[in-house]
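Here are a few exercises to work through with the model in view. Try each task on your own, then follow the steps of the solution.

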Amino acid sequence: MSDEFMLDTDDLARRMDGAIANLRTELASLRTGRASGSMLEPVMVDAYGSMTPINQVGTVNVPEPRMVTINVWDKGLVGKVEKAIRESGLGINPQLNGTIIMLPIPELNEERRRDLTKVAGGYAESARVSIRNLRKDGMDQIKKAKSDGMSEDDQKFWEAAVQELTDEHIKVVDETLETKQAEIMQV
């Protein structure tokens, strides 16, 4: 290996891990027919003049498999939280009980489950594209070093290292997608 060129594979791996973390966040927001506090993460509430995540205006709990509750801390925000949930596109109808908002999670029909698996597949493809773009960045660095005098053996070594990193991360994306799709299709 050449002493002059060192590809920062740790940085590449960290950036690929970021793509996977982003995928997991997106998948967590998909409704699977089972209650989960994370499904409310993308919902923002207009609180105190700025858009605020729901978990910063109240306590989100999952008391039973088909129910999410939000205990809103400020009584004045209950209406805004309810409105944000209605307008979020989650397909959940909030029910008020004082400062507690209850969100009964309805059963998903077969067609909606298929649609959600397609959405999950789209999220996974975006993650794969991000990882491939990072692979391309790594390969471009290697090509530049090759033109600056890197030996062919070193080039092959670094290309193999980048490809191995890419393959590992694509495999994780595929496994994550498979798990989520199974969860969505489970009745």
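A residue counts as buried when its relative accessible area is under 20%, as exposed when that area is over 50%, and as partly exposed in between. Keep in mind that you're looking at a predicted model.

**Exercise 1. Get the overall picture**

Task: Work out which helices and strands the protein chain has, and find out whether the chain is spread out or compact.

Solution:
- Start with the count: the protein chain has four helices and six strands.
- Next, put them in order. Going along the sequence, you meet α-β-β-β-β-α-β-β-α-α.
- Now check the spread. The radius of gyration is 22 Å, well over the 16 Å that the globule rule gives for 187 residues, so the protein chain is more spread out than a compact globule.
- Add the dimensions: along its principal axes, the C-alpha trace spans about 70 × 40 × 25 Å.
- Finish with burial. Of the 187 residues, 37% count as buried.

**Exercise 2. Look at surface, charge and contacts**

Task: Describe the accessible surface of the protein chain, its charged side chains and its contacts between residues at least 6 apart in sequence.

Solution:
- Surface first: about 10,600 Å² is accessible, and carbon and sulfur atoms hold 49% of that.
- Then the charges. There are 24 positive and 32 negative side chains, and 7 Å separates the centres of the two sets.
- Last, the contacts: among those between residues at least 6 apart in sequence, 66% join residues at least 24 apart.

**Exercise 3. Follow helix H3 and what comes after**

Task: Compare the reach of H3 with the expected value, then say where Gly149 sits and whether it is buried or exposed.

Solution:
- H3 covers residues 110-147, which makes 38 residues.
- From its first C-alpha to its last, H3 reaches 55 Å, close to the 56 Å expected at 1.5 Å a residue.
- After H3 comes Gly149, with a positive phi near 110°. You'll find Gly149 in the loop between H3 and helix H4 (152-185).
- Gly149 has a relative accessible area of 59%, so it's exposed.
- For a link across the sequence, try Phe5: its C-alpha is 9.8 Å from that of Gly149, though the two are 144 residues apart along the chain.

**Exercise 4. Check a charged residue in H3**

Task: Decide whether Arg128 is buried or exposed, and list its contacts beyond its neighbours within four places in sequence.

Solution:
- Arg128 belongs to helix H3.
- Its relative accessibility is 13%, so Arg128 counts as buried.
- Leaving aside neighbours within four places in sequence, Arg128 touches Ile170, Val173, Asp174 and Leu177.

**Exercise 5. Sort three loop residues**

Task: Place Pro106, Tyr48 and Pro42 in their loops, and label each one buried, partly exposed or exposed.

Solution:
- Pro106 is in the loop between strand E6 (100-104) and H3. With 35% relative accessibility, Pro106 is partly exposed. Its C-alpha is 8.7 Å from that of Arg34, with their positions 72 residues apart in sequence.
- Tyr48 is in the loop between strand E1 (44-47) and strand E2 (50-53). At 62% relative accessibility, Tyr48 is exposed. Tyr48 also has a positive phi of about 55°, although it isn't a glycine.
- Pro42 is in the loop between helix H1 (9-28) and E1. Pro42 has 51% relative accessibility and counts as exposed. The C-alpha atoms of Pro42 and Val60 are 13 Å apart, and the two residues are 18 apart along the chain.

Note on methods: Residues are numbered from 1 along each chain as its sequence is written. This is a predicted model: local features need pLDDT of at least 70, side-chain atom pairs count only at pLDDT 80 or more; totals for chains, interfaces and linings use all residues. Side-chain values use heavy atoms; hydrogens and water are left out. Helices (H or I, at least four residues) and strands (E, at least two) are DSSP runs, numbered from the N terminus. The radius of gyration is taken over C-alpha atoms; the globule rule is 2.2 Å times the number of residues to the power 0.38. Buried means under 20% relative accessible area, exposed over 50%, partly exposed in between (1.4 Å probe, protein chains only). Contact means heavy atoms within 4.5 Å. Accessible areas come from the Shrake-Rupley method with a 1.4 Å probe; for residues, only the protein chains shown count as cover. Lys and Arg count as positive and Asp and Glu as negative; His and the chain ends are not counted. The place of a charge is taken as NZ of Lys, CZ of Arg, CG of Asp or CD of Glu. The expected span of a helix is 1.5 Å times one less than its number of residues.
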